[in-house]
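Here are my notebook entries on a structure that is new to me. I jotted them down as I went, so feel free to look along.

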Amino acid sequence: MGLEIVVKDIQEGARAEVSRIKTEGDAKASEIINEAKEIQKKMLGDSLAKAEEDLQNLHQQVISSANLEVKRITLNKRKELLDKVYNQTVEKIKSMPASKKEELLKHILNKYEASGARVYSSKESEEAVKKLTSLSYAGNIDCIGGVILENEDGTIRLDFTYDSILKDVYERSLKQISDILYG
């Protein structure tokens, strides 16, 4: 019987050892699982935070891009409108009565005739210019009106064409015109 007791003690000791190892194993497994869950939560939280940050950045980019597009469209529309006004002004100048055109030419020639030796004008204004000045008529130029005066050796040219005057006034007044039209 002594042997049975020894075997029973060994078996109980082995069961106790197995139970202890199993309990430790379960505790260790539970600890590993909890660590893994914490890591997973942290990774998920980090991923959500990164996704939220990326989403905010994308949202900001979309808004910035949309604002730039609106500004571009607005500027294009403003330019279209200013170009339309410019073109309407050119048409008004072209459709002025002949008497008004002659009056303007007379004013320019009287004021600046002494600065030149030759004069150029549009084909349409040729007869009026020849009548209004004693300068040598040098030929026709492509313009909507006005004249170009040139000195004897051709080194100095004074451009009093309506095209040039309108372009100069338009460029100098562009900001003011834009402010008036668009506040």
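**Domains.** I began with the distance between the centres of domain 1 and domain 2, which is 70 Å over C-alpha atoms. Their bounds, 1-95 for domain 1 and 97-182 for domain 2, come from an automatic or database domain assignment. I noted that this is a predicted model, where local features need pLDDT of at least 70, side-chain atom pairs count only at pLDDT 80 or more, and totals for chains, interfaces and linings use all residues. Residues are numbered from 1 along each chain as its sequence is written, and side-chain values use heavy atoms, with hydrogens and water left out.

**Where the domains meet.** I looked up the area buried between domain 1 and domain 2 (accessible area, 1.4 Å probe, that two parts lose on being put together, summed over both). The value is about 1,100 Å², with 73% from carbon and sulfur atoms. On the domain 1 side, L82, Y86 and I93 lose the most area to domain 2, together 53% of what that side buries. I then sorted the domain 1 residues that touch domain 2: 5 are nonpolar, 2 polar and 4 charged. For this sorting, Ala, Val, Leu, Ile, Met, Phe, Trp, Tyr, Cys and Pro are nonpolar, Asp, Glu, Lys and Arg are charged, and the others, Gly among them, are polar.

**Salt bridges.** My rule was a side-chain nitrogen of Lys or Arg within 4 Å of a carboxyl oxygen of Asp or Glu. How many salt bridges cross the interface of domain 1 and domain 2? I found 0 there, while a search of the whole structure gave 18. I picked out K42 and D46, whose closest N and O atoms are 3.1 Å apart. Both sit in helix 1 (residues 2-94), 4 residues apart, about one turn of the helix.

**Overall build.** I counted 4 helices and 4 strands in the protein, taken as DSSP runs (H or I, at least four residues, for helices; E, at least two, for strands) numbered from the N terminus. Along the sequence the pattern reads α-α-β-α-β-β-β-α. Finally, I noted that the C-alpha trace spans about 155 × 35 × 20 Å along its principal axes.
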